[in-house]
Amino acid sequence: MTLTTPTTLVLTVLAAATAWTWGGALGTGVAAGFLAGATVAGLVLLVQRRVAATRPAYVVHAVLGGFLAKAMAMLVLTLTVRYVPALEAVCDPRTFLVAFAAAAIGILGPATFDTLRIVERRASAVRATPQELGAR
């Protein structure tokens, strides 16, 4: 199991408990923000792992592109919650923004370590000589 999975599960429980405790528009903002942030972070993570496994030279590009994608999604979704009256009535934009950022940043740390492990494994496999591969 990767480090990302238990971290995401713990953060989900914390966000759900906070949303349940606060209730109302504040709680809905926490729940919706966390779910949106975790979804975007998960999609970005899929792309980063795919790049790490197939073209490790472009991992930095994938990480920076992922950061930009998360920032753009956070901006667009928060402004949508803020300026669509029906959404703002049931979902607080401030708690949405904070929960989105917490999810994206909270998942980012362990996901980075997991991606680095993929790059390390690929690099060590490439460095293996034919004699080493035959000895295994």
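In this predicted model, the axes of helix H2 (residues 24-54) and helix H3 (residues 59-83) approach within 9 Å and cross at roughly 165°. Because angles over 145 degrees count as roughly antiparallel, H2 is roughly antiparallel to H3. The crossing of H2 past H3 is right-handed. On the H2 side, the contact is formed by Ala36, Val40, Ala41, Val44, Gln48, Val51 and Ala52. H3 meets these residues with Val59, Ala62, Val63, Gly66, Ala69, Lys70, Ala73 and Leu77. Sorted by character, the residues of this contact comprise twelve nonpolar, two polar and one charged.

We can turn next to the nonpolar cores. The largest nonpolar core holds nine residues in all: Ala15, Ala19, Val30, Phe34, Ala38, Ala41, Ala99, Ala103 and Ile107. At least two residues of this core come from each of helix H1 (4-22), H2 and helix H5 (93-127). The most generous contributor is H2, with four residues. Ala41 thus has a place in this core and also in the contact of H2 with H3.

Phe34, another member of the largest core, deserves a closer look. With neighbours within four places in sequence left aside, Phe34 is in contact with Thr8, Leu11, Thr12, Ala15, Ala99, Phe100 and Ala103. Of these partners, Ala15, Ala99 and Ala103 also belong to the largest core. Apart from the largest core lies another one, of eight residues, including Ala36, Val44, Phe96 and Phe100. Ala36 and Val44 also take part in the contact of H2 with H3, while Phe100 is among the contacts of Phe34.

Note on methods: Residues numbered from 1 in each chain as written. Predicted model: local features only at pLDDT ≥ 70, side-chain atom pairs only at ≥ 80, totals over all residues. Heavy atoms only, no water. Axes fitted to C-alpha atoms, helices over the stretch in contact; angles between N-to-C directions. Parallel < 35°, antiparallel > 145°, perpendicular 65-115°, else oblique. Left-handed = near helix turned anticlockwise from the far one by under 90°. Contact = heavy atoms within 4.5 Å. Nonpolar A, V, L, I, M, F, W, Y, C, P; charged D, E, K, R; others polar. Core = buried A, V, L, I, M, F, W, Y, C linked by side-chain atoms within 4.5 Å. Buried < 20%, exposed > 50% of the residue type's maximum accessible area, 1.4 Å probe, protein only.
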